[in-house]
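Colleague: I am new to this structure and would like to look closely at a single part of it. Could you choose one strand and take me through its surroundings with care?

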Amino acid sequence: MTSADQAGSYRLGDRTVRRLGYGAMQLAGPGVFGPPRDRAAALAVLRAAVAAGVDHIDTSDFYGPHVTNQLIREALAPYPGNLVIVTKVGARRGADAGWLPAFSAEELRQAVHDNLRNLGLEALEVVNLRCMFDAHGPAEGSVAAPLAALAELQRQGLIRHIGLSNATAAQLAEAQGVCAIACVQNQYNLVRREDDAMVDHLARAGIPYVPFFPLGGFSPLQSAALSAVAARLEATPMQVALAWLLRRSPNILLIPGTASVAHLRENLAAAALELPDEAMRQLDEVGR
Ligand SMILES: NC(=O)c1ccc[n+]([C@@H]2O[C@H](COP(=O)([O-])OP(=O)(O)OC[C@H]3O[C@@H](n4cnc5c(N)ncnc54)[C@H](OP(=O)(O)O)[C@@H]3O)[C@@H](O)[C@H]2O)c1
């Protein structure tokens with residue numbers, strides 16, 4: 001058994017993946033733009049993840065753009081049969097590294113083909129539609145038209161399952177009227193608990209919830225409670241943050257990101273960390 005096994009597994013589309021996966025976004029250059037500072041190190045992290053049992057990798061062709069997918073292909077193709085690569089569409093990058101919406105049927109078709117080409121795949125296992133976004137986070141707005149465009153690409157056999165990212169509860173409800181939704185990927189961690197109700201709602205429906213920024217994103221989480229629990233359990237604060245998510249709900253699938261093999265191993269070892277009830281209570285207070 002690898003360390004990644006110890007947190008168990010969960011259904012994602014019609015596959016089953018370990019609950020501790022890997023998020024590849026920060027393998028691209030600074031600001032998720034351009035090539036990585038150290039290409040060999042980025043390839044080594046991807047190979048180490050799969051060697052350690054990771055069977056779920058999160059990516060997008062707009063990371064770089066193209067860079068992260070090309071690294072994944074170079075490091076891992078031909079892919080192991082159990083590896084599920086999840087990508088996302090609905091945005092494109094400006095020349096200044098900005099993030100621009102890309103929701104037209106033609107932009108979505110192009111994005112799916114870019115993902116297929118750069119990953120070297122004939123079909124994408126799961127494609128998340130990155131919903132509307134403003135400076136404050138997810139923004140309301142109909143997702144029916146872009147989802148219908150993705151559903152057409154699904155009928156053509158280019159996509160197996162469709163998910164949502166940065167979705168509000170209203171967008172999830174609307175989306176489920178258009179096509180089956182295989183997963184939701186929103187920002188959520190120990191201190192960002194806006195999606196508590198969404199996590200529970202999806203758990204009741206048996207749909208995976210994949211928190212992005214599980215460690216706080218570009219500024220890793222810091223909290224006195226996290227440090228205190230970590231010291232008591234002889235673990236690191238990042239391991240405790242991941243273990244809290246694993247215990248928070250069985251439908252949570254983790255995709256912590258790192259460009260370091262040492263951090264990768266530390267994060268995967270969180271699968272074996274059991275948080276006592278008292279630690280859960282102390283940590284639950286952080287985000288309230
Ligand atoms: N749907 C969306 O809109 C969206 C948005 C953002 C991200 N995502 C996805 O979510 C994944 C996870 O997000 P993320 O990678 O940005 O953020 P994250 O997983 O919350 O944190 C990554 C950051 O934490 C650091 N880190 C990782 N492990 C550590 C450890 N053990 N000790 C100390 N620091 C550690 C990393 O630095 P080092 O490299 O130095 O370890 C990196 O700066 C992404 O890879 C991407 O696939 C999706």
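Modeller: Before we begin, a residue is called buried here if its relative accessible area is under 20%, and exposed if that area is over 50%. With that in mind, and remembering that this is a predicted model, let us take strand 5, which spans residues 84–89 and is mostly covered, with 6 of its 6 residues buried. In a regular strand the side chains alternate between the two faces of the sheet. In strand 5, Val84, Val86 and Lys88 point one way while Ile85, Thr87 and Val89 point the other way, and all of them are buried.

Turning to its partners, strand 5 runs parallel to strand 4 (residues 56–58), to which 3 bridges join it, and within this pairing aspartate 58 stands opposite valine 86. Between these two strands the chain passes through helix 2 (residues 67–76), making a β-α-β crossover that is right-handed. Strand 5 is also joined by 4 bridges to strand 8 (residues 124–130), again running parallel, and there threonine 87 has valine 127 as its bridge partner.

The strand 4 residue opposite valine 86, aspartate 58, also leads us to the ligand, since Asp58 is listed with Ser165, Leu215, Thr258 and His263 as the closest of the 27 residues that surround the ligand. A polar side-chain atom of threonine 258 lies 2.5 Å from an oxygen atom of the ligand, and for histidine 263 the distance from a polar side-chain atom to a ligand oxygen is likewise 2.5 Å. Taken alone, the ligand exposes 900 Å², of which the protein buries 87%.

Note on methods
Residues are numbered from 1 along each chain as its sequence is written. This is a predicted model: local features need pLDDT of at least 70, side-chain atom pairs count only at pLDDT 80 or more; totals for chains, interfaces and linings use all residues. Side-chain values use heavy atoms; hydrogens and water are left out. Buried means under 20% relative accessible area, exposed over 50%, partly exposed in between (1.4 Å probe, protein chains only). Two strands pair if DSSP finds at least two bridges between them. A crossover is right-handed if, with the strands pointing away from the viewer, the path from the first strand over the helix to the second runs clockwise. A residue is near a molecule or strand if one of its heavy atoms lies within 4 Å of it. A polar contact is a pair of N or O atoms within 3.5 Å; within protein, one must be able to donate a hydrogen and the other to accept it, and residues adjacent in sequence count only if both atoms are side-chain atoms. Accessible areas come from the Shrake-Rupley method with a 1.4 Å probe; for residues, only the protein chains shown count as cover.
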